[in-house]
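Got your viewer open and your selection box ready? Here's a walk through the model, stop by stop.

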Amino acid sequence: MYLKFRVSREPANDFIHLFVNRLAYGIQATKPLPNGSIPYYLARDWLTKAPKLLDADVVRMHLNGDITINLFAINPETQRSKWVAVDADFDGALQSLIELQQALKQDGVEAAIEQSRRGGHLWIFGAAPLLASEFRIYIYNLALRLGVPVKCGLKDGIEIFPRQDRLEEGEYGNALRAPLGVHRKTNLRYWFPAAAPRPEAQLGYLKGLPKLTEARLKALIHGMRFPEAYRQVVAAPYTSIASPSGQREFRILELVRTTRRDSRNWWAKCPSCSLVGRDRTGDNLSIQIKDSRFYKCWAGCTKDEIRAALGRPIRMKQAA
Ligand SMILES: [Zn+2]
């Protein structure tokens with residue numbers, strides 16, 4: 001089991017200063033889903049359903065180990081983030097993070113490695129919030145140059161947060177498990193190995209790291225563009241066609257909105273996952289391009305569950 005702490009307001013405020021881009025946040029459930037994963041839910045006021053706003057008390061509970069929160073990467077009002085985090089969770093993940101950390105150092109950029117279950121997160125902090133799009137241009141080009149694998153469809157590799165260049169109105173983008181808390185799946189905390197395993201020492205270490213300035217980032221990405229190889233989003237074939245014969249043949253591509261494609265599959269948010277607030281990244285469901293009757297949820301939903309979630313259960317009698 002994990003240690004509980006009783007932190008004061010000061011480390012909580014340090015944490016907010018370092019990590020919090022916007023006040024909406026997610027809370028991790030306490031019980032796993034049947035497939036073993038433990039989802040996060042957007043924290044909402046139970047009465048008004050409005051997103052709850054994060055404050056030092058919420059952060060203290062996270063640091064103490066009472067709850068586990070996740071954090072959004074982009075402030076939608078500025079399209080900026082205080083940090084970029086590289087999430088690596090695959091065989092050889094730590095090696096990739098160390099390679100990135102060393103290459104960053106050659107650019108004069110300090111990055112901190114946080115361990116996790118299988119790999120870790122590599123964090124780079126801005127001296128002030130930096131444009132998500134510029135952070136992304138820098139890190140994706142670095143990954144490309146080093147040959148570090150980037151996650152794409154089913155291909156394992158690093159994931160870079162912020163995962164969007166910008167947010168549209170009402171969007172949250174992707175959230176990342178907040179550091180220094182308890183990972184509910186393992187009931188362990190994962191620390192930055194460079195500092196003592198206590199919230200105050202960890203935050204002191206992170207506060208003392210040299211931060212990347214906007215001018216330096218702009219100089220680093222001068223003349224660079226986002227690498228074409230990593231552009232993923234492709235226009236979707238989403239249409240809603242009523243079949244002229246009145247037959248209700250099931251065509252999954254008419255019922256889900258795809259988010260991208262690769263050489264073999266369309267990818268979409270899994271309707272069954274999304275019912276329980278999962279699949280925030282919108283790509284758990286693959287649909288074969290060659291024959292869309294073949295589709296699969298990579299988080300483990302069955303065909304029955306997917307059909308039921310779409311309101312078209314498999315065992316429903318076909319209308320005449
Ligand atoms: Zn699913």
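## Stop 1: strand β6

Select residues 120-131 to bring up β6, a mostly covered strand in which nine of the twelve residues are buried. Here, buried means 20 or more other C-beta atoms within 10 Å of a residue's own, exposed means 12 or fewer, and partly exposed is in between, with C-beta atoms placed from the backbone. Helices (H or I, at least four residues) and strands (E, at least two) are DSSP runs, numbered from the N terminus.

Two bits of housekeeping before moving on. This is a predicted model, with local features needing pLDDT of at least 70 and side-chain atom pairs counting only at pLDDT 80 or more, while totals for chains, interfaces and linings use all residues. Residues are numbered from 1 along each chain as its sequence is written.

## Stop 2: the neighbours of β6

Now add residues 112-115, which are β5. A hairpin of four residues links β5 to β6, and the two strands run antiparallel, joined by four bridges. (Strands count as paired if DSSP finds at least two bridges between them.) For one of those bridges, pick E114 and look across to H121 in β6.

Next, select β4, residues 80-88. This strand is mostly covered too, with nine of its nine residues buried. β4 pairs with β6 in the antiparallel sense over eight bridges. Start from R80, whose bridge partner in β6 is L131, then step to S81, which stands opposite L130.

β4 has another partner to show: β7, residues 159-161, pairs with it over three bridges, again antiparallel. Click A85 and you'll find F161 of β7 opposite. While you have side chains switched on, a general point: in a regular strand they alternate between the two faces of the sheet.

## Stop 3: V86 and the nonpolar core

Stay on β4 and centre the view on V86. Which residues does V86 touch, not counting those up to four places away in sequence? Select L97, L100, H121, L122, I139, I158 and I160; contact here means C-beta atoms, placed from the backbone, within 7 Å.

V86 and I139 have the most contacts inside the largest nonpolar core, which has 53 residues. A nonpolar core is a set of buried Ala, Val, Leu, Ile, Met, Phe, Trp, Tyr and Cys residues joined through C-beta atoms within 7 Å. Helix α4, residues 132-146, gives the most to this core, with seven residues. There's also a second, separate core of 13 residues; to find it, select A268, C270, I287 and I306, which are among its members. As a general rule, nonpolar side chains in soluble globular proteins tend to be buried together.

## Stop 4: helix α3, side by side

Select residues 93-106 for α3. This helix has 14 residues and reaches 20 Å from its first C-alpha to its last, close to the 20 Å expected at 1.5 Å a residue (the expected span is 1.5 Å times one less than the number of residues).

Colour A93, S96, L97, L100 and L104: these are the buried residues of α3. They sit on the same side of α3 because they cover an arc of only 100 degrees around the axis, an arc taken from the directions from the helix axis to the C-beta atoms. What lies over them includes β4, β5, β6 and α4. Flip to the other side of α3 and you'll see Q95, Q102, K105 and Q106, which are exposed. Just after the helix comes G108, with a positive phi near 80 degrees.

## Stop 5: Q202 and P197

Jump to Q202 in helix α5. Is Q202 buried or exposed? Q202 is buried, because 24 other C-beta atoms lie within 10 Å. Leaving aside neighbours within four places in sequence, its contacts are L180, W191, F192 and A195. Measure C-alpha to C-alpha from Q202 to G181 and you should get 12 Å, across 21 residues of sequence.

Then try P197, in the loop between β10 (188-189) and α5 (199-208). P197 is partly exposed, with 13 other C-beta atoms within 10 Å. From P197 to A215 is 18 residues in sequence but 34 Å in space, C-alpha to C-alpha.

## Last stop: zoom out

Show the whole protein chain: eight helices and 14 strands. Its C-alpha atoms fill a box of roughly 70 × 50 × 35 Å along the principal axes. Buried residues make up 35% of the 320 residues.

How values were computed. Two residues are in contact if their C-beta atoms, placed from the backbone, lie within 7 Å.
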